Structure formats: structure tokens, C-alpha cells
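Me: I am new to reading protein models and would like to go through one slowly, with the reasoning spelled out at each step. Could we look at it together?

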Amino acid sequence: MLRSLRRWLFGAAESPVVTGDQWQRVEAGLPFLDYLPAESRPRLRALALDFLNQKTFHGAHGLVLTDDILLAIALQACLPILNTGLDAYRDWVGVVVYAGDFVIARTEMDEDGVVHEYDDPVLGEAWPDGPVIVSWQAREHVDGLNVVIHEFAHKLDMCNGQADGFPPLPADMRRADWARIFTAAYEDLCHRVDHGLPLAIDAYAAESPAEFFAVMSEAFFETPLKLRTAYPAAYAQLKRLYGLDPAAGANPSPPRGSNAVEP
């Protein structure tokens, strides 16, 4: 299929044929997809193929992008826009994939006006009006950490300007509610990081409100029960933003005849 997909990505008329076995193989490596309603799977697959049709991919430093890698990235990239569509990703076309982490040269000016240059090792980067850069570490998956969802959550956040943790909201959501709930959750996380308290999400979320939103989005799809327990109000906001409830799919059904209730 790879040759067919390559021609398709670069403008040929033919569409790729993805077999049922291939979908199942790729999705088996993304077990959190099982938290979604069964009826959403065909829609996610179709959106992923449209995403591949609209974007160009580059494997950095000679990385060979196999069919499975491309499909896995596309499926994860489309989770945040499953119920809104590809229009949120309309202003850029490139996805750059590294094998493992990579280094970005940074230049920053401190409060005294001194310019500092340094190399920053990262796992991903989303640029306004530019490409998304992600690392591919299929064998180093950690529950709750997902660099693809993270970077594409940043892209969603950038739809209304710079990434600031305040993405465009559906018409039925109130900006004041989002600001109040996410500010409280962010302050709680920062307090926990500063005092060495247990964390429900990656400590990197304390870097900024933008990183907090991206990390919360990772956890929303990957470890939804844990996130809902720690930050129920923020989870409810993400549930409305994404139009999905992964915790409902992640919560095991109680045994028949049990009086157990959902936490």
C-alpha cells in the first residue's frame, strides 16, 4: 500500500486501500481508541484518510515512514477534531516525523536584556501557520503521554491565535466557565508540582496554560478515568469541547447483578 499512499499524498487521483487487517493492526497499538463509541470508529478512519490526503509527511534524518506509522499518526491527530472536522487544520500542510527526540536551537532574552542561545531537546513542536513536528517512539509508550495528541491539541489551540490554553469553544460553551475551571485546575497542578505532591498528569503541564491544555488533552484521551477523578470540572469542559466521553468507554461495566455505581 505504501507506494499507492505516497502517490495519493502527492496529488495523484487514486485513493489508498487500507485493509481491515491493517486498520486492526494499527489500532491495536492505540488501545485508547477503544474508549470511543463504536459508531465513531468508521468516522475516525475516514477523517484520518482525509487528513493524509491534505497533509504532506517528511521523515527526518532518513526515517522511513511506513503505512502503519502514517495511519497511526493520522488517527491520533484526528481525535481532537473528530466532531469538528479538518477545517481546524486548514492553514498548514506539513508533518515532520523524527525517530526519537530531537533538538531545536532556541534564543531567549532574559529580564536583564541578555540573549541566551541553547539547544532544547524535545519530543514535538507545533508552529503557528507551520508544520507539526513529532517524534515516533512506538516502543516507549507511557499511559497518559501522547506526543501526537499533545501537538495537535496545540494546533487546535492556535485556531484563534497563539497557543494560550484557550481554544475555540463550541457555541454552547461559556468562555467564563472555561477560564474559571481551567485556571483553578492549572493553579492546583502548579501547587502540586511546587510542593512535590502526587500528580494525575505529567508535570510538564505546569510550564504554561498552553502546555496544561495540551497535556490535559493527552490525558483526556489516554487516561480519562484518572483525569476525571482528579479534575472533574475540567474533564467536563473537555468532554463538551471534544464532544466525546472517553471515561464512559474506559469504565468497566459492573458485573451483572452488582450494585456498583460509576465513580
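Reply: Before we begin, one term is needed: two residues are in contact when they have heavy atoms within 4.5 Å of each other. Please also keep in mind that this is a predicted model.

Me: How many helices and strands does the chain have?
Reply: Buried residues make up 46% of the 263 residues in the chain, and of the contacts with a separation of 6 or more, 61% are between residues 24 or more positions apart. As for helices and strands, the chain has ten helices and six strands.

Me: Which helices are included in what covers the buried residues of helix 6?
Reply: The residues of helix 6 that are buried are Asp177, Trp178, Ile181, Phe182, Ala185, Tyr186, Leu189 and Cys190. Using the contact cut-off of 4.5 Å, we find that what covers these residues includes helix 7 (209-222) and helix 9 (232-242).

Me: What distance should helix 6 span, and what do its end C-alpha atoms give?
Reply: Helix 6 runs over residues 175-195, which is 21 residues, and at 1.5 Å a residue the expected span is 30 Å. Just after this helix comes Gly196, which takes a positive phi of about 65°. The end C-alpha atoms of helix 6 agree with the expected span, since they are 30 Å apart.

Me: Which helices do the buried residues of helix 9 pack against?
Reply: In helix 9 the buried residues are Ala234, Tyr235, Gln237, Leu238, Leu241 and Tyr242. Around the axis they cover an arc of only 160°, and therefore they are on the same side of helix 9. The helices that these buried residues pack against are helix 5 (147-157), helix 6, helix 7, helix 8 (224-230) and helix 10 (246-250).

Me: Which residue follows helix 9?
Reply: Here we look for a residue with a positive phi, near 65°. The residue that follows helix 9 with this phi is Gly243.

Me: How are helix 7 and helix 9 placed relative to each other, parallel or perpendicular?
Reply: Two packed helices are described by the angle between their axes and the distance between the axes. For helix 7 and helix 9 the angle is about 80°, and the axes are 11 Å apart. Because angles of 65 to 115 degrees count as roughly perpendicular, helix 7 and helix 9 are roughly perpendicular to each other.

Me: How do the residues of the contact of helix 7 with helix 9 divide into nonpolar, polar and charged?
Reply: On the helix 7 side are Phe213, Met216, Ser217, Phe220 and Phe221, which meet Ala234, Tyr235, Leu238, Lys239, Leu241 and Tyr242 in helix 9. The residues of this contact divide into nine nonpolar, one polar and one charged.

Me: Is Ala214 buried or exposed, and which residues is it in contact with, leaving aside its neighbours within four places in sequence?
Reply: Ala214 lies in helix 7, and at 0% relative accessibility Ala214 counts as buried, because buried means under 20%. Its C-alpha atom is separated by 9.5 Å from that of Lys155, although the two are 59 residues apart along the chain. Leaving aside its neighbours within four places in sequence, Ala214 is in contact with His150, Ala153 and His154.

Me: Where do the buried residues of helix 3 fall, seen down the axis?
Reply: The buried residues of helix 3 are Arg41, Leu44, Leu47, Ala48, Phe51 and Leu52. Seen down the axis they fall within an arc of 140°, so they line one face of the helix.

Me: Which residues does Leu47 touch, not counting residues up to four places away in sequence?
Reply: Leu47 is in helix 3, and its 12% relative accessibility makes it count as buried. In space Leu47 is 6.7 Å from Cys78, C-alpha to C-alpha, while in sequence the two are 31 residues apart. Not counting residues up to four places away in sequence, Leu47 touches Cys78, Ile81, Leu82, Gly85 and Leu86.

Me: Is Ala38 buried or exposed?
Reply: Ala38 is found in the loop between helix 2 (20-28) and helix 3. Its relative accessibility is 65%, and because exposed means over 50%, Ala38 counts as exposed.

Conventions: Residues numbered from 1 in each chain as written. Predicted model: local features only at pLDDT ≥ 70, side-chain atom pairs only at ≥ 80, totals over all residues. Heavy atoms only, no water. Helix = DSSP H or I, 4+ residues; strand = E, 2+ residues; numbered from the N terminus. Expected span 1.5 Å × (residues − 1). Buried < 20%, exposed > 50% of the residue type's maximum accessible area, 1.4 Å probe, protein only. Arc of directions from axis to C-beta. Axes fitted to C-alpha atoms, helices over the stretch in contact; angles between N-to-C directions. Parallel < 35°, antiparallel > 145°, perpendicular 65-115°, else oblique. Nonpolar A, V, L, I, M, F, W, Y, C, P; charged D, E, K, R; others polar.
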